[in-house]
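Thanks for asking me to look this one over. My notes follow as numbered points, starting from one strand pair and working outwards.

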Amino acid sequence: MKRNHLVRACVWCMLVLASFPLSAATDPVLDRSGDYGKFIVYFLHLGRTSSTKKSNHGDCELLISPDGKVMMVDCGAPVQGRYVVETLEALGIDHIDYFVNSHRHHDHLGGFSQVADHAKIDRVFVGPMEGYTGKYSMQMDQRCEADGIVQTKIGDGDSFMFGRDIEVSVYHPSKTAVDSTYTTEELNNSSLALKFSYGNTTVLLCGDLYMEGEQELLDAHSDEIRDIDVAKANHHGLWTSNQSLWIKTINPTYCVSVSDILSDLGVMNRYKQQGTIFRQTVFNGIVKFSMDANDGITMLCQHAFSLDN
């Protein structure tokens, strides 16, 4: 019981702290002075909009290559776009070389127009799906057309370079386009699975894959996704995802749950039992990783809080 009260108190404190504007002068996690020549990954905190019982979750990762290229993976729900922009402003970023949409749910692309208003976006990568007519998905497509931004469909077997030194391998979904109205589960299981390789250092981002999608990926590419350095917990760290075999296979040194609510305790415990250092944006705010090509990794959290590790 005391632990539950502690968790609630900590969440309340994090929400109060998150109400203050972001600034590199007051938030060391946003200080970029020592970043050049390193692979930087930010897991953004977008939970500051949770004023109602309904969770927006939201998902956004910002990656910067050693030679200064910028990639954004997802951009939160519509109401969270301003927080994505606020983070970009605090980091001094007004140009995005690559935007990647993991899948077409509103909490992963709803902030696109706000981001595009702030930053010039050169290129957009999306999955191979066809036929989805969600409101914010169509708005993203319309904005890309209006701004002359090229959209490239990618899927299993594709790869591309992020800057000079980072290879991005795509392991899911199949490039065979499926024309469907898409249930929530089908849409989540269409998430792109992206592995970033920088020398010996690896990062794995798989959107909102459910256990079924995780199993498809394990069946096809288990050897390629073993022993990851930094991973994002699938589907905001919820019980729908993050099965034991998945966690044992990817065996991440670090894992971050991007959500505005506490991750499923069973999921969190499975990662911890694997020896993974587990962080949650709802507690830790923005989580930053600085990496070199030889497994040298530094983690910095906006708020230093953890449940046991």
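1. Let me begin with a single pairing: Leu194 has Leu205 of β10 as its bridge partner. Please keep in mind throughout that this is a predicted model. The two strands involved, β9 and β10, run antiparallel and are joined by five bridges. They make a hairpin with two residues between them, and Gly199 in the turn has a positive phi of about 60°.

2. Strand β10 deserves a closer look. It covers residues 201-205, and five of its five residues are buried. Thr201, Val203 and Leu205 point one way from the strand, while Thr202 and Leu204 point the other way. Both sets are buried, so you may like to view β10 from each side in turn. As for a residue outside the strand, Cys206 has a relative accessible area of 1% and is therefore buried.

3. What is the sense of the pairing between β10 and β11? These two run parallel, with two bridges between them, and β11 spans residues 230-232. Within β11, Ala231 is the bridge partner of Leu204. As a reminder, strands of a sheet pair through backbone hydrogen bonds, in either a parallel or an antiparallel way.

4. Stepping back, these strands belong to an open sheet of seven strands, with the order β7-β8-β9-β10-β11-β12-β13 and mixed pairing. At its edges are β7 (159-162) and β13 (277-280), each of which pairs on one side only. On average, neighbouring strands of this sheet are turned by 20° against each other, direction ignored.

5. At the β7 edge, the pairing with β8 (residues 166-172) is antiparallel and has four bridges. One of the bridge pairs is Phe162 with Ile166 of β8. Helix α7 (residues 211-221) lies across β8 and β9 (193-198), and its direction is at about 115° to β8.

6. Now to the nonpolar cores. The largest has 33 residues, and Leu62, Met72, Phe112 and Ile121 have the most contacts inside it. Elements giving two or more residues to this core include the strands β1 (39-43), β2 (61-64), β3 (70-73), β4 (95-100) and β5 (120-126), along with the helices α2 (81-91), α4 (112-118) and α5 (135-147). Of these, α2 gives the most, with five residues. There is also a second, separate core of 30 residues, and among its members are Val168, Val170, Phe196 and Val258.

7. Which residues does Phe112 touch, leaving aside those up to four places away in sequence? They are Cys75, Phe99, Ile121, Val124, Met140, Arg143, Cys144 and Ile149. Cys144 has a relative accessibility of 2%, so this residue counts as buried.

8. With cysteines in view, a word on disulfides. A disulfide is a covalent bond between the sulfur atoms of two cysteines. The count for this model comes to zero disulfides.

9. Finally, some totals for the chain. It has ten helices and 15 strands, and 58% of its 309 residues count as buried. Among contacts with a separation of 6 or more, 68% come from residues 24 or more positions apart. The chain exposes about 12,900 Å², with carbon and sulfur atoms supplying 51% of that area.

Technical notes:
Residues numbered from 1 in each chain as written. Predicted model: local features only at pLDDT ≥ 70, side-chain atom pairs only at ≥ 80, totals over all residues. Heavy atoms only, no water. Core = buried A, V, L, I, M, F, W, Y, C linked by side-chain atoms within 4.5 Å. Buried < 20%, exposed > 50% of the residue type's maximum accessible area, 1.4 Å probe, protein only. Contact = heavy atoms within 4.5 Å. Areas by Shrake-Rupley, 256 points an atom, 1.4 Å probe, with all protein chains shown as cover. Pairing = 2+ DSSP bridges. Axes fitted to C-alpha atoms, helices over the stretch in contact; angles between N-to-C directions. Disulfide = S-S within 2.5 Å.
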